[in-house]
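I opened this notebook to keep a record of what I looked up, one entry per topic. The entries follow the order in which I went through the structure.

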Amino acid sequence: MTLLEFARGPGLQWAITIFIVGVLWRLLGILLLRTKKDLSEPRNPAAWKGLRLIALRSWPRREFLGGTAFGEVMGYAFHIGFLLTLFFYVPHVLFFADVSRGLIGTDLQTLTGFAWPTLPNGIVTLLAAISVAALVAVLIHRIVNPVKRLISNFDDYFSWFVTVMPLVTGLAAFAHFVGWPYERLLAFHLLSVELLLVWFPFGKLMHAFTIFAARGATGLIFERRGASL
Amino acid sequence: MSSITVGEFLRSRGVTRRDFLRFCTATTVALGLPATLVPRVAAALEQARRPSVIWLPFQECTGCTESITRAHGATLESLLFEAISLDYQHTLQAAAGEAAERAREQAMKDNWGRYLLIVDGSIPTGNPGYSTIAGHDNLSMLKEAAEGAAAIIALGSCAAFGGIPGAQPNPTGAVAVADVVKDKPIVNVSGCPPIPVVITAVLTQYVTFGTLPELDALGRPKAFYGQTIHDRCYRRPFYERGQFADSFDDEGARLGWCLYKLGCRGPTTYNACATVKWNNGTSFPIEAGHGCIGCAEPGFWDNGGFYRPLSTGNWGSARTIGTAIGVGAALGVAAAALARKRQRDAEGA
């Protein structure tokens with residue numbers, strides 16, 4: 001079995017399995033926790049309005065803009081680039097369509113009549129490069145800033161590593177990185193994605209699944225207690 | 001080794017000096033040798049004695065033989081093929097049965113240690129009766145012939161990597177030549193079938209210089225297997241621009257766009273199809289509108305469906321995903337129940 005065969009076969013299957021098991025384990029483990037009953041009189045009976053926090057926290061507050069602008073800009077640059085690359089690059093779309101056919105017997109286009117749009121390769125390359133640049137910038141910032149350096153641990157650095165590697169190896173495979181056979185580059189790309197999937201549920205990357213629920217829960221508590229959002 | 005030189009033989013077949021030099025130039029360039037070596041190649045080939053070649057076909061479909069002997073009609077390549085002293089090839093030779101076997105044994109005895117052995121087809125290692133020639137099983141025949149060979153050419157993906165007989169579940173226990181013979185130089189000329197000019201180029205180098213070409217990690221001549229089909233594909237610009245055919249009869253297919261979405265294995269297949277081409281240089285599969293199926297690579301039969309895009313992978317099935325969801329949900333519920341119990345215990349205490 002070659003490295004590519006392993007990466008496309010057993011490696012991929014195990015990584016997906018660990019990802020699903022890990023994510024459900026952690027998500028249900030959190031969501032099914034018992035919440036302590038709040039016996040106090042609510043300051044604001046319409047506590048559901050606190051769900052606004054999900055959107056509000058996605059935008060910098062004017063008074064803190066000076067301190068958070070760098071992180072916000074880099075964060076958006078990385079996330080937008082990463083997600084567009086993941087979901088709109090042709091080979092990736094082909095993978096998702098194949099998974100869809102395997103799971104429900106059809107793909108999105110056949111099911112809905114709408115084709116899954118894709119981006120031109122040149123645009124995807126640019127977006128992926130911007131994502132890598134943003135990740136490098138935030139890493140440097142993390143290392144240079146004494147406070148961030150102090151509060152950073154293995155999870156932060158390893159999560160950064162497993163996030164940047166699929167982008168770097170994907171760009172290398174697309175560019176047919178000089179002197180390296182394509183199938184090795186493709187195998188490294190797949191293996192880096194598999195490392196990301198395996199690490200995802202057990203580190204800070206899990207925020208992708210918990211961030212909006214956590215903001216919503218916090219917003220509900222704040223609103224009930226009459227705090228200004 | 002025949003007493004007639006290659007030059008004498010070709011002249012006897014009516015090959016002109018001009019055609020001969022044209023062949024030498026094309027072969028020298030194809031082998032990646034400098035053009036300054038053309039006169040040396042011509043002189044050496046002219047004087048070379050016809051080497052004895054023994055060709056053993058094992059578990060094969062005769063496609064490799066067809067490719068080499070008939071693909072281009074009566075070209076100089078096929079004449080060169082006749083210029084070797086092909087002392088045994090049971091598909092091509094007139095003799096049959098015991099007479100053919102005696103010819104093989106005699107040729108091996110006369111040229112022990114000097115003859116070139118060509119093998120096409122894989123070798124069954126299961127029951128010896130799976131594949132026999134005149135009562136001899138393939139495995140022992142290969143071992144015996146390999147012992148007296150100067151070098152071996154494993155012709156086609158079956159001989160080079162096991163091919164379709166070696167595909168899962170491999171009922172005959174088929175293996176490649178290199179899995180059996182460990183102490184002789186082996187050149188793998190993979191492909192299903194291989195490109196004719198590759199085998200004639202390897203033969204020319206051997207006849208001319210007495211050497212074998214530089215090989216890649218899979219034992220294939222680097223001059224022909226050094227780049228992927230994708231690297232030299234004329235449809236590559238469409239790949240770069242993200243223009244793909246979605247089916248074999250859509251607008252993209254008619255405009256000659258990239259066949260990646262239709263399962264083309266060009267990016268992971270090393271062969272010279274895109275440059276040397278087939279049918280006397282007419283075209284190659286991608287030019288005819290079908291993606292590369294990766295036939296020059298090991299295990300290409302077992303690498304998923306030919307029409308599944310390269311990026312799809314073998315991610316599992318609905319059953320494995322369902323099992324993972326079930327296990328994950330059970331673990332999550334169990335973890336939450338444990339945490340709730342601890343919460344209650346803490347409140348009770």
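**Entry 1: Thr268(B) and its surroundings.** I began with the contacts of Thr268(B), which, once its neighbours within four places in sequence are left aside, touches Leu4(A), Tyr182(A), Glu183(A) and Leu186(A) of one chain and Glu297(B) and Leu310(B) of the other. I note here that the model is a predicted one. Thr268(B) sits in the loop between α14 (251–254) and α15 (273–276) of chain B. Is Thr268(B) buried or exposed? Its relative accessibility is 11%, so I entered Thr268(B) as buried, the limit for that class being under 20%.

**Entry 2: the second largest pocket.** Leu4(A), Glu183(A) and Glu297(B) came up again when I turned to the second largest pocket, where they lie nearest the centre along with Thr2(A) and Pro298(B), out of 33 lining residues. I wrote down a volume of about 960 Å³ for this pocket. Which element gives the largest share of the lining? That share, four residues, comes from α1(A), while the elements that each supply at least two residues are α1 and α10 of chain A and α11 (222–225) of chain B. By class, I have the lining as 13 nonpolar, 10 polar and 10 charged residues.

**Entry 3: cavities.** Searching the whole structure for cavities of 30 Å³ or more, I found four. The largest cavity holds about 90 Å³ of space, and among the residues of chain B that line it are His230(B), Arg235(B), Arg236(B), Tyr239(B), Tyr260(B) and Ile286(B). The lining also includes Cys233(B), Cys258(B) and Cys264(B). I counted its residues by class as eight nonpolar, two polar and two charged.

**Entry 4: aromatic rings.** Tyr239(B) and Tyr260(B), which I had just listed in the cavity lining, also belong to a cluster linked by ring pairs, together with Tyr89(A), Phe174(A) and Phe244(B). Over all chains the structure holds 24 aromatic pairs. For Phe78(A) and Phe82(A) the ring centres are 5.3 Å apart and the planes stand at 40°, so I logged the pair as tilted. These two residues are four apart in helix α4 of chain A, which means that about one helical turn separates them. Both Phe78(A) and Phe82(A) are buried.

**Entry 5: two helices of chain A.** Staying with helix α4 (residues 65–88) of chain A, I found its buried residues to be Phe78(A), Gly81(A), Phe82(A) and Thr85(A), and these pack against α5, α7 (121–144), α9 (154–174) and α10 of chain A. I then checked the length of helix α2 (residues 10–31) of chain A: at 1.5 Å a residue its 22 residues should span 32 Å, and the end C-alpha atoms are 31 Å apart, which agrees. The buried residues of α2(A) include Gly11(A), Leu12(A), Phe19(A), Val23(A) and Gly29(A). Their partners are α1 (3–8), α5 (90–104), α10 (182–199) and α11 (207–225) of chain A, together with α16 (318–348) of chain B.

**Entry 6: Ile54(A).** Ile54(A) lies in helix α3 (residues 53–56) of chain A and is partly exposed, with a relative accessible area of 27%. Apart from neighbours within four places in sequence, Ile54(A) is in contact with Phe212(A), Arg215(A) and Gly216(A). I also noted a separation of 27 Å between the C-alpha atoms of Ile54(A) and Val132(A), which are 78 residues apart along the chain.

**Entry 7: backbone exceptions in chain B.** Most peptide bonds are trans, and most residues other than glycine have a negative phi, so I listed the departures. The bond from Gln168(B) to Pro169(B) is cis, with omega near 5°, and Pro169(B) lies in the loop between α8 (156–161) and β8 (174–175) of chain B. Asn170(B), found in the loop between α8 and β8, has a positive phi near 50° and counts as partly exposed at 21% relative accessibility. Another cis peptide bond joins Cys192(B) and Pro193(B), with omega about 0°; Pro193(B) lies in the loop between β9 (186–189) and α10 (196–209) of chain B. Lastly, Thr62(B), in the loop between β1 (52–57) and α4 (63–70) of chain B, has a positive phi near 75° and is partly exposed, with a relative accessible area of 23%.

Note on methods. Residues numbered from 1 in each chain as written. Chains lettered and ligands numbered in written order. Predicted model: local features only at pLDDT ≥ 70, side-chain atom pairs only at ≥ 80, totals over all residues. Heavy atoms only, no water. 1 Å grid on protein atoms, 1.4 Å probe; cavity = no way out; pocket = protein on both sides within 12 Å on 5 of 7 lines; lining within 4 Å. Points joined across faces, edges and corners; volume = space filled by probe spheres on them. Nonpolar A, V, L, I, M, F, W, Y, C, P; charged D, E, K, R; others polar. Expected span 1.5 Å × (residues − 1). Buried < 20%, exposed > 50% of the residue type's maximum accessible area, 1.4 Å probe, protein only. Contact = heavy atoms within 4.5 Å. Phe/Tyr/Trp six-rings, centres within 6.5 Å; stacked < 30°, edge-to-face > 60°.
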